[in-house]
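Colleague: Before I rely on the terms in your annotation, I should like to hear the reasoning behind them. Would you take me through it?

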Amino acid sequence: MKRIVGPLLQWYETNARTLPWRQDPTPYHVWISEIMLQQTRVEAVKEYYRRFLDRLPTVEALAQADEDQLMKLWQGLGYYNRARNLQKAARMIQEEYQGHFPREYEELLKLPGIGEYTAGAIASMAFGKPVPAVDGNVYRIYTRLKADASDITRGPVRQRIRQEIQEIVPEKEAGAFNQAWMDLGALVCLPNGAPHCSSCPLASCCRAACQGNPQAYPVKPAKKERRQEERTVLLLEYQGKYLLQKRPDQGLLAGLWEFPSQEGRLGLGQLQDMLSEWDAQEDEIELLGKGKHVFSHVEWHMLGYLIHLRKLPDALREETWSTPEEMQEIYSIPSAFRRYYQKIQPGKLQ
Ligand code: SF4
């Protein structure tokens, strides 16, 4: 493995991507960008990163942010626990580290939401510590280089690979080394589609490329089937405001705002029965069509209705009613509802 270090660093010198968080790699910048980049494409993260830093430029500002503001800044990125953990960690840095980011890998690991990869990225990129940052890119490139058919979802396999990478981290260029894997994985040794082996700096020592089957690696077991759920989403409108409900504090999309929904797909007749039970009188019901959202373990298959109410039912009087402008500014509505949200906020970022 030692043989790859030189060519990898040389390649990175001329091929590194220009990314906003690389211009000034403070621990805060590296941290926020790395957490955002989990499960989200680089191009999509850029605008979120800019807005986040604009509103919450320091650990202190993040620690003091209002929850709704934080959720609003995260709206559309999904996996909202990441944002909650960012704030918990920011508060811990303020309280236990007097506002100074811990510099050591082991200390970073104690912060909420920071695992081995993120701790490695911050320690190496912001503090120059010789530790690896091993993510999906590294597992993929490593298993291809060695034609290693081990199941990379297994803990011991991941630990072994991490250990091998740890042994070749260059003492003085750990940040560049770790970012080189990221960029090689994003630009050359691609996760989906054929890797560009002919332009890869590591091709001469890559077993999978020699065997002609790089896409056979990494080996992962078949994924479990996701649970399928049908839901009917109701956009209830009264005098220009829409009914919103806050989701429970635990579980899927915890604590976020949503349009009310019911399990199952209600037909028009069932919907009208439900409205009469609420003593709600409608002027017009508009069918908004089907929508689908895929979470990691469940898929929602939705059917949406826009219901213009003539009279506000007593049962819903004390609920939260929001104008489209307030939805844009205050309430964080998960992207699962994007299709319906855009009916009342055409073209707005979600
Ligand atoms: S030679 Fe091909 S398969 Fe091997 S590391 Fe490079 S891009 Fe990936």
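Modeller: Of the 350 residues of the protein chain, 51% count as buried. Please bear in mind that this is a predicted model.

Colleague: What makes a residue buried rather than exposed in that count?

Modeller: A residue is called buried when its relative accessible area is under 20%, and exposed when that area is over 50%. By this criterion 51% of the 350 residues in the protein chain are buried. The chain has 15 helices and seven strands, and its C-alpha trace spans about 75 × 50 × 35 Å along the principal axes. Among contacts with a separation of 6 or more, 66% are made by residues 24 or more positions apart.

Colleague: Why is glutamine 98 called exposed?

Modeller: Its relative accessibility is 58%, and the cut-off for exposed is over 50%, so glutamine 98 counts as exposed. Glutamine 98 lies in the loop between α6 (81-96) and α7 (105-108).

Colleague: What makes the phi of glutamine 98 worth a remark?

Modeller: Most residues other than glycine have a negative phi. Glutamine 98 is not a glycine, yet its phi is positive, near 50 degrees.

Colleague: Which class does glutamine 239 fall into, buried or exposed?

Modeller: Its relative accessibility is 66%; set against the limit of over 50%, glutamine 239 therefore counts as exposed. Glutamine 239 likewise has a positive phi, of about 50 degrees, although it is not a glycine. Glutamine 239 is found in the loop between β1 and β2.

Colleague: How do you know that β1 and β2 are paired?

Modeller: At least two bridges are required for two strands to pair. Two bridges join β1 to strand β2 (residues 241-246), and the strands run antiparallel, so the requirement is met. Tyrosine 238 has lysine 241 in β2 as its bridge partner. These two strands form a hairpin with two residues between them, and glutamine 239 is in the turn.

Colleague: What else does β2 pair with?

Modeller: Strand β7 (residues 320-322) is joined to β2 by three bridges in the antiparallel sense, with tyrosine 242 standing opposite serine 322 in β7. β2 also pairs with strand β3 (residues 257-258), antiparallel and over two bridges. There, tryptophan 257 in β3 is the bridge partner of lysine 246.

Colleague: Why is strand β6 described as mostly covered?

Modeller: The description rests on a count: in β6 (residues 298-311), 12 of its 14 residues are buried, and a buried residue is one under 20% relative accessible area.

Colleague: Which strands pair with β6, and in which sense, parallel or antiparallel?

Modeller: Strand β1 (residues 227-238) pairs with β6 in the parallel sense over 11 bridges, and glutamate 230 stands opposite histidine 301 in β6. Strand β5 (residues 281-294) is joined to β6 by 12 bridges and runs antiparallel to it. In that pair, glycine 289 stands opposite glycine 304 in β6. β5 and β6 form a hairpin with three residues between them.

Colleague: Why is isoleucine 285 called partly exposed?

Modeller: At 22% relative accessibility, isoleucine 285 is not under the 20% needed for buried, nor over the 50% needed for exposed; it therefore counts as partly exposed. Isoleucine 285 lies in strand β5. Not counting residues up to four places away in sequence, isoleucine 285 touches Leu268, Leu271, Gln272, Leu275, Tyr305, Leu306 and Ile307.

Colleague: Where does isoleucine 285 stand with respect to proline 195?

Modeller: Their C-alpha atoms are separated by 50 Å, and the two residues are 90 residues apart along the chain. Proline 195 is one of the residues surrounding the ligand.

Colleague: Which residues make up that surrounding shell, and how do they divide?

Modeller: The ligand is surrounded by Arg144, Val188, Cys189, Pro195, Cys197, Cys200, Ala203, Cys206, Ala209 and Pro214. Val, Cys, Pro and Ala count as nonpolar and Arg as charged, so the shell divides into nine nonpolar, no polar and one charged. The space taken by the ligand is the largest cavity.

Colleague: What makes the peptide bond from tyrosine 217 to proline 218 notable?

Modeller: Most peptide bonds are trans. The bond from tyrosine 217 to proline 218 is cis, with omega near -5 degrees. Proline 218 lies in the loop between α12 (207-211) and β1.

Notes:
Residues are numbered from 1 along each chain as its sequence is written. This is a predicted model: local features need pLDDT of at least 70, side-chain atom pairs count only at pLDDT 80 or more; totals for chains, interfaces and linings use all residues. Side-chain values use heavy atoms; hydrogens and water are left out. A residue is near a molecule or strand if one of its heavy atoms lies within 4 Å of it. On a 1 Å grid over the protein atoms alone, a cavity is a set of points where a 1.4 Å probe fits but cannot get out, and a pocket is an open set with protein on both sides within 12 Å along at least five of seven lines; lining residues have an atom within 4 Å of a point. A molecule sits in a cavity or pocket if more than half of its atoms lie within 2 Å of its grid points. Buried means under 20% relative accessible area, exposed over 50%, partly exposed in between (1.4 Å probe, protein chains only). Helices (H or I, at least four residues) and strands (E, at least two) are DSSP runs, numbered from the N terminus. Contact means heavy atoms within 4.5 Å.
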